[in-house]
Amino acid sequence: LGMKSPATLGGCTMSLHIHVADVDAAQQQAVEAGCEVLMPAADMFWGARFCQLQDPFGHQWSIAQDIEKVSPEDLMTRHAKVLKQMEQGSLGEK
């Protein structure tokens, strides 16, 4: 069919995103199947628990689990806070 793997192309041209009931369990299952963790599971400002992985063929995956409903107003406030933390180099600090 003429399709090439990310390894053949020298990079990944797309990623897959799936929602699951338990991100941590899905991440562990993926690691056991040979995936590399690019971003470990963590709670995100938009109300999801989220991780990013790369499978043995070079395809990138993101996996999410909804953990809370965030209002549009709160989402904007949280996003602004994350951007400020990134600018200050303090992202991830409490």
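Trainee: Which residue in S3 is the bridge partner of Glu36?

Mentor: In this predicted model, the bridge partner of Glu36 is Gln54, which lies in S3.

Trainee: What makes S2 and S3 a pair?

Mentor: Pairing requires at least two bridges between the strands. S2, residues 36–43, and S3 have five bridges, so they pair by that rule. The sense of the pairing is antiparallel. The two strands form a hairpin with four residues between them, and Gly47 in this hairpin has a positive phi near 100°.

Trainee: How do you know that S3 also pairs with S4?

Mentor: The same cut-off of at least two bridges applies. S3 and S4, residues 60–66, are joined by seven bridges, so this pair qualifies too. The two strands run antiparallel. Among the residues facing each other, Ala48 stands opposite Asp66, and Leu53 has Trp61 as its bridge partner. This hairpin has five residues between its strands, and Gly58 in its turn shows a positive phi of about 100°.

Trainee: Why are S1 and S2 said to stand at the edges?

Mentor: The order of the four strands in this open sheet is S1-S4-S3-S2, with mixed pairing. S1, residues 15–19, and S2 each have a single partner strand, so each has one side without a neighbour in the sheet. On average, neighbouring strands of the sheet are turned by 15° against each other, direction ignored.

Trainee: What makes S3 a mostly covered strand?

Mentor: S3 spans residues 48–54, and five of its seven residues are buried. To be buried, a residue needs a relative accessible area under 20%.

Trainee: Why does Cys51 count as buried?

Mentor: The relative accessibility of Cys51 is 0%. That is under the 20% cut-off, so the residue is called buried.

Trainee: And why is Cys35 called buried?

Mentor: Cys35 has 16% relative accessibility. That value is also under 20%, so Cys35 counts as buried.

Trainee: How many disulfides does the rule give?

Mentor: The count is zero. A disulfide is a covalent bond between the sulfur atoms of two cysteines, and the rule asks for the two sulfurs to be within 2.5 Å. For Cys35, the nearest cysteine sulfur is that of Cys51, 9.4 Å away. For Cys51, the nearest is likewise that of Cys35, at 9.4 Å. A distance of 9.4 Å is not within 2.5 Å, so neither Cys35 nor Cys51 is in a disulfide.

Terms used: Residues are numbered from 1 along each chain as its sequence is written. This is a predicted model: local features need pLDDT of at least 70, side-chain atom pairs count only at pLDDT 80 or more; totals for chains, interfaces and linings use all residues. Side-chain values use heavy atoms; hydrogens and water are left out. Buried means under 20% relative accessible area, exposed over 50%, partly exposed in between (1.4 Å probe, protein chains only). Axes are lines fitted to C-alpha atoms, for helices over the stretch in contact, and angles run from 0 to 180 degrees between N-to-C directions.
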